[in-house]
Amino acid sequence: MAYVFTICNMVVKDIQLANVNSFPFASDWGHIVTKKESAPRPSDRKGKTSKRVHFVRNLIREVAGFAPYEKRITELLKVGKDKRALKVAKRKLGTHKRAKKKREEMSNVLRKMRSAGAGEKKK
């Protein structure tokens, strides 16, 4: 004797015949297949700087130095006025996200300068 079941508006004559994955009520529903490995897309690289670009930017930073507003941010960070440095950066760069990134960059520069200065004093 065959029983008739209704699961998610699907009529199934026998529960043993019904594959559990064929019902659209779980995250793994549908025909079971092996996932095909796709090649990486060019859009996945978007935003990542290459070695050459990184080298050129560092070279320009060494030659040209810092902009006046960047010098002001470093001075404020030396004194310990992080919030004021963020406000200055936000005013110059336009967005809060860019300002936070610039403040972090300038604090990293200060940290490197201090570690380089400490290394020279020990010698």
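Leaving aside its neighbours within four places in sequence, which residues is histidine 96 in contact with? I shall open with that question and then turn to the rest of the protein. Please keep in mind throughout that this is a predicted model.

Histidine 96 is found in helix α4. Once the neighbours within four places are set aside, its contacts are Leu86 and Lys90. For one of these partners, leucine 86, there is also a distance between C-alpha atoms: leucine 86 and histidine 96 are ten residues apart along the chain, and their C-alpha atoms are separated by 8.1 Å. As for its surroundings, histidine 96 is partly exposed, with a relative accessible area of 40%.

Let me now describe the overall arrangement. The protein contains four helices and two strands. Read along the sequence, these elements follow the pattern β-β-α-α-α-α. There are 123 residues, of which 15% count as buried. The protein exposes about 11300 Å², and carbon and sulfur atoms supply 56% of that area. If we take the contacts between residues at least 6 apart in sequence, 28% of them join residues at least 24 apart.

I turn next to the charged side chains. As a general principle, side chains of opposite charge can pair when their charged atoms come close. How many salt bridges does this structure hold? The number is five. Arg61, Glu70, Lys102 and Glu105 are linked in a network of such bridges, and I should like to go through this network pair by pair.

We begin with arginine 61 and glutamate 70, whose side chains meet in a salt bridge with a nitrogen-to-oxygen distance of 2.8 Å. Is glutamate 70 buried or exposed? Glutamate 70 counts as buried, because its relative accessibility is 5% and buried means under 20%. Arginine 61, by contrast, is partly exposed, with a relative accessible area of 28%.

The next pair is glutamate 105 and arginine 61, with a salt bridge of 3.2 Å from N to O. Glutamate 105 lies in helix α4, residues 96-122, and arginine 61 in helix α1, residues 51-64, so this pair ties together parts that are 44 residues apart in sequence. Glutamate 105 is itself partly exposed, at 32% relative accessibility.

Glutamate 105 also forms a salt bridge with lysine 102, and here the closest N and O atoms are 3.7 Å apart. Both of these residues lie in helix α4, three residues apart, which is about one turn of the helix. Lysine 102 is buried, with a relative accessible area of 11%.

From these pairs we move to the surface, where I shall present two patches. One is positive, and it is formed by Arg72, Lys81, Lys83, Arg84, Lys87, Arg91 and Lys92. Which helix gives the most to this positive patch? That is helix α3, residues 82-93, with five residues. Lysine 83 has its place in this helix. At 63% relative accessibility, lysine 83 counts as exposed.

The other patch is nonpolar, with an area of about 500 Å². Its members are Phe55, Val56, Leu59, Ile60 and Val63. Phenylalanine 55 lies in helix α1. This residue is exposed, with a relative accessible area of 55%.

Finally, let us consider a residue in helix α2. Threonine 74 has its place in that helix, which covers residues 68-79. At 10% relative accessibility, threonine 74 counts as buried. With neighbours within four places in sequence left aside, threonine 74 is in contact with Met106 and Leu110.

To review the main points: the model is predicted, and it has four helices and two strands. A network of salt bridges links Arg61, Glu70, Lys102 and Glu105. The surface carries a positive patch to which helix α3 gives the most, and a nonpolar patch that includes Phe55. As for the opening question, histidine 96 is in contact with Leu86 and Lys90, apart from neighbours within four places in sequence. Thank you for your attention.

Technical notes
Residues are numbered from 1 along each chain as its sequence is written. This is a predicted model: local features need pLDDT of at least 70, side-chain atom pairs count only at pLDDT 80 or more; totals for chains, interfaces and linings use all residues. Side-chain values use heavy atoms; hydrogens and water are left out. Patches are made of residues with over 30% relative accessible area and no salt bridge: like charges are joined within 9 Å, nonpolar side chains (Val, Leu, Ile, Met, Phe, Trp, Tyr) within 5 Å. Accessible areas come from the Shrake-Rupley method with a 1.4 Å probe; for residues, only the protein chains shown count as cover. A salt bridge is a side-chain nitrogen of Lys or Arg within 4 Å of a carboxyl oxygen of Asp or Glu. Lys and Arg count as positive and Asp and Glu as negative; His and the chain ends are not counted. The place of a charge is taken as NZ of Lys, CZ of Arg, CG of Asp or CD of Glu. Buried means under 20% relative accessible area, exposed over 50%, partly exposed in between (1.4 Å probe, protein chains only). Contact means heavy atoms within 4.5 Å.
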